[in-house]
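Open the model in your viewer and keep the sequence beside it. We will go from a single residue out to the sheets and then to the whole chain.

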Amino acid sequence: MNLPRLRILILLMTVSCNNSTTSDCAAYVAPAIAVEIRDSKTALPVAEGAQGAVHDGGYLDSLRPFRSSGSALLSLQAAPARPGTYGIEVQRTGYQTWTVAGVQAKAGQCGVETATVRADLIPLSP
């Protein structure tokens with residue numbers, strides 16, 4: 001690719017990002033909640049094999065895979081495009097159940113602003 005063409009491409013990408021409108025929002029539906037799941041002793045990711053749910057009043061949604069790094073699943077997500085105040089529960093074999101309440105996901109310009117929390121799971125055996 002020649003240099004002038006590269007400059008045009010970068011300029012077009014910059015213009016489209018700086019002039020976003022609500023019509024651009026339909027391209028991505030953000031989750032309200034993202035939970036990064038780690039072992040409390042080693043800090044290694046343990047989201048693979050974890051399960052759980054989020055709730056806000058009568059609303060309930062299961063956690064699903066979200067972000068990975070290489071082959072390691074780092075986090076789970078739930079409640080797409082739904083602002084609210086959530087309770088979260090995470091379970092994984094070999095670990096104590098992790099819970100938290102009062103996690104707020106606020107409405108933003110393009111839907112919900114994802115609230116990210118870190119669940120440091122405590123192993124059952126020493």
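Contact here means heavy atoms within 4.5 Å. Keep that cut-off in mind for the first stop. One caution before we start: this is a predicted model.

**Stop 1: E113**

Select E113. It lies in the loop between β11 (111-112) and β12. Is E113 buried or exposed? Neither label fits: its relative accessibility is 45%, so E113 counts as partly exposed. Now show what surrounds it. Leaving aside neighbours within four places in sequence, E113 is in contact with A32, A105, K106, A107 and G108. Next, add A30 to the selection. E113 and A30 are 83 residues apart in sequence, yet their C-alpha atoms are 7.2 Å apart in space.

**Stop 2: the mixed sheet**

Move on to β12 and bring in its sheet. Four strands make up this open sheet, in the order β4-β7-β1-β12. Its pairing is mixed. Which strands sit at the edges? They are β4 (64-65) and β12 (115-121), and each pairs on one side only. Select β1, residues 31-39, together with β12. These two strands pair in the parallel sense, over seven bridges. For one example, pick R38: its bridge partner in β12 is D120.

A general point helps here. Strands of a sheet pair through backbone hydrogen bonds, either parallel or antiparallel.

**Stop 3: the antiparallel sheet**

Hide that sheet and select the next. Four strands form an open sheet in the order β3-β2-β8-β9, with antiparallel pairing. At its edges stand β3 (59-62) and β9 (98-105). Each has a single partner strand, so one side of each is left without a neighbour in the sheet. Look along the sheet for its twist, which averages 20 degrees from one strand to the next.

Now zoom in on β2 (residues 51-56) and β8 (residues 84-91). How many bridges join them? Five, and the two strands run antiparallel. Click H55 to see one position: it stands opposite G87 in β8.

**Stop 4: the whole chain**

Zoom out and colour by secondary structure. The protein chain has one helix and twelve strands. Follow the sequence from its start: the helix comes before the strands in the pattern. Next, colour by accessibility. Of the 126 residues in the protein chain, 30% are buried. Switch to a surface view. The chain exposes about 7,900 Å², and carbon and sulfur atoms supply 55% of that.

Last, show contacts between residues at least 6 apart in sequence. Of these, 60% join residues at least 24 apart.

Terms used. Residues are numbered from 1 along each chain as its sequence is written. This is a predicted model: local features need pLDDT of at least 70, side-chain atom pairs count only at pLDDT 80 or more; totals for chains, interfaces and linings use all residues. Side-chain values use heavy atoms; hydrogens and water are left out. Two strands pair if DSSP finds at least two bridges between them. Buried means under 20% relative accessible area, exposed over 50%, partly exposed in between (1.4 Å probe, protein chains only). Accessible areas come from the Shrake-Rupley method with a 1.4 Å probe; for residues, only the protein chains shown count as cover. Axes are lines fitted to C-alpha atoms, for helices over the stretch in contact, and angles run from 0 to 180 degrees between N-to-C directions.
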